[in-house]
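Here is a friendly walk through one protein model, from strand pairing to aromatic contacts. Please keep the viewer open as you read.

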Amino acid sequence: RFTDPEDTREFIKVTHESYLKVVGKDFGKSIPAIFTDEPHMTGKQTHRFASSQRDITLSFTDDMNHTFKEEYGRDLLEILPEILWELGEDEVSVHRYHYHDHVTERFVTAYFDTIGKWCQDHDIALTGHLLSERTLFSQTLAAGEAMRCYRSFQIPGVDILCDQKEFSTLKQAVSVARQYNREGVISELYGVTHWDYDFKGHKLQGDWQAALGVTIRCHHLAYMSMEGEAKRDWPASINYQSPWYEKYPYIEDHFARVNTALTRGKACVKLGVIHPIESFWLSFGPNDQTQTIRDQMDENYENLMQWLLYGMIDFDLISESLLPELCNKATAPLKVGEMEYETILIPDCRTIRSSTLERLEQFVENGGKVIFAGRIPTLVDGIKSDRAKRLSKKSKVIEYTREEMLQALRDDRLIEIRQENGKLSENLFYQLRQDNDCHWLFICHV
């Protein structure tokens, strides 16, 4: 809920600096990191119906009208109706786009950047995870854009509850970690799996997360007490209260070995995918007018994850907000921080940043491959433009289907496994890493 660096500095003063006084000598040694758990904005709401008379909440802070005007030259309170209601058929509000971008940047700058710098200055890592990272809708509500939040994490992290297959949650964090060359990615895992969750479940969940890039395991949870209702508080306890506790090295010895291998060298990835979150913001209006659009975008996003990963095509997501600092000049392959991509996929976006297009235009001129899947963006920075259409004429354009996507990306597949009947594998993930003159390959069931 911090949107002012001064508020965050006061928070640091009463928390982080208190720890510094008592155990600061162990920072960076036996205490490698400080964990932040589920930081988020006050959630944004939308009207159920455009004609609604009920009150709703938006993320806001005292000086936001002033900072918005400084950034975009408009009084936020004057254009507030465009954030809440649609302009008309086939019309898009650039002010709504600016609002979501501005409130996200205020949140990231004030909270994550401020704490991340303090941690860096004190030889300790900022780690932890956000709230509601998985879908385009949920992260718009809670964080604006998940990937932007990770830029100041020394160890980005995720939270996987109820044994859910949150592939997008991991891909967002791992992509930033790879591009910023962070030492690892942490996962708070096994939460809410209950008392009957067996070792098979522990290994399966740990394996697919390791394949996607998790290298540090933060077990949820170890009870101090099971008295009263505590025993029902997001079990199971990975501690002495579970009868299998003394046998748990069967699991941890396995992952100690896996993660030793999967922190060596560098991940081999040829494909970069533009994250579609900013297109989603454009349709954050009344439910009766925009809900089906948002649902379709989230369905497309989930399909993208599953089609590529189960199709054994590894990839990294690219945040448009982070791209300018990670890629000063476009080359082929496209160098984004510490990663290089031979192909860039633009997945059914409505808008794209001019800074992104500038780099992709240079990328194509230098021989790089760009693929538009689904619609070609008709907006640039939220404003009507045919610039993306012009780029598409020098690129490949495909339908947004599993078959078209896998065929268009067949040259970017590094590993192919087929079943006895000739079909592509349907239940395997992998990670391939280049380590000097050799490779590490990890393959697992999902």
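## A small open sheet

Leu 379 stands opposite Lys 384, a residue of strand E15. This is a predicted model, so please read every value below as computed from its atoms. The Leu 379 side of that match belongs to strand E14 (residues 379-380), which pairs with E15 in the antiparallel sense over two bridges.

E14 and E15 are part of an open sheet of three strands, in the order E12-E14-E15, with mixed pairing. At its edges stand strand E12 (351-352) and strand E15 (383-384); each has a single partner strand, so one side of each is left without a neighbour in the sheet.

## Parallel strands around E11

Now turn to strand E11 (residues 343-347), which is mostly covered: five of its five residues are buried. Thr 343, Leu 345 and Pro 347 point one way from E11, while Ile 344 and Ile 346 point the other way. In general, side chains of a regular strand alternate between the two faces of the sheet.

Which strands pair with E11 in the parallel sense? One of them is strand E7 (residues 271-274), joined to E11 over three bridges; here Val 273 has Leu 345 of E11 as its bridge partner. Another is strand E13 (residues 369-373), which runs parallel to E11 and is joined to it by five bridges. Within that pairing, Thr 343 stands opposite Lys 369 in E13.

## From E7 to E8

E7 also pairs with E8, again in the parallel sense, over four bridges. Leu 271 stands opposite Phe 315 in E8. Strand E8 covers residues 315-318, with Phe 315 and Leu 317 pointing one way and Asp 316 and Ile 318 the other way. Are these four side chains' residues buried or exposed? Each of them is buried.

Phe 315 has a further contact to look at: Lys 171 lies over the face of its ring, at 4.8 Å from the ring centre.

## Helices H9 and H10

Helix H9 (residues 199-212) packs with helix H10 (residues 249-261) at an angle of about 15 degrees, and their axes are 10 Å apart. With that angle under 35 degrees, H9 is roughly parallel to H10. The crossing in which H9 passes H10 is right-handed.

A charge over a ring can be found in this part of the chain too. The charged end of Arg 217 sits over the ring of Phe 255, 4.0 Å from its centre.

## Aromatic pairs

How many aromatic pairs does the structure hold? There are 20 aromatic pairs. One of them joins Tyr 97 and Trp 281 in a tilted arrangement, 6.2 Å centre to centre and with 50 degrees between the planes. Tyr 97 lies in helix H5 (residues 94-121) and Trp 281 in helix H11 (residues 277-281), so the pair ties together parts that are 184 residues apart in sequence. Tyr 97 is buried, with a relative accessible area of 4%, and Trp 281 is buried as well, at 0% relative accessibility.

Tyr 111 and Phe 112 give another geometry: their pair is edge-to-face, 5.0 Å centre to centre, with 90 degrees between the planes. Both of these residues are buried. They also belong to one aromatic cluster, formed by Phe 11, Phe 107, Tyr 111, Phe 112, Tyr 150 and Phe 153.

## Two residues of H14

Glu 358 has its place in helix H14 (residues 354-365). Is Glu 358 buried or partly exposed? Its relative accessibility is 39%, and because buried means under 20% and exposed over 50%, Glu 358 counts as partly exposed. Glu 358 and Ala 330 are 28 residues apart in sequence, and their C-alpha atoms are 8.4 Å apart in space.

Arg 359 is also placed in helix H14. Unlike the partly exposed Glu 358, Arg 359 is buried, with a relative accessible area of 10%. The C-alpha atoms of Arg 359 and Leu 76 are separated by 31 Å, and the two residues are 283 residues apart along the chain.

Conventions. Residues are numbered from 1 along each chain as its sequence is written. This is a predicted model: local features need pLDDT of at least 70, side-chain atom pairs count only at pLDDT 80 or more; totals for chains, interfaces and linings use all residues. Side-chain values use heavy atoms; hydrogens and water are left out. Rings of Phe, Tyr and Trp (its six-membered ring) pair if their centres lie within 6.5 Å; planes under 30 degrees apart count as stacked, over 60 as edge-to-face and the rest as tilted. Buried means under 20% relative accessible area, exposed over 50%, partly exposed in between (1.4 Å probe, protein chains only). A charge sits over a ring if NZ of Lys or CZ of Arg is within 6 Å of the ring centre and within 35 degrees of the ring normal. Two strands pair if DSSP finds at least two bridges between them. Axes are lines fitted to C-alpha atoms, for helices over the stretch in contact, and angles run from 0 to 180 degrees between N-to-C directions. Angles under 35 degrees count as roughly parallel, over 145 as roughly antiparallel, 65 to 115 as roughly perpendicular and the rest as oblique. A crossing is left-handed if the near helix is turned anticlockwise from the far one by less than a right angle, and right-handed if clockwise.
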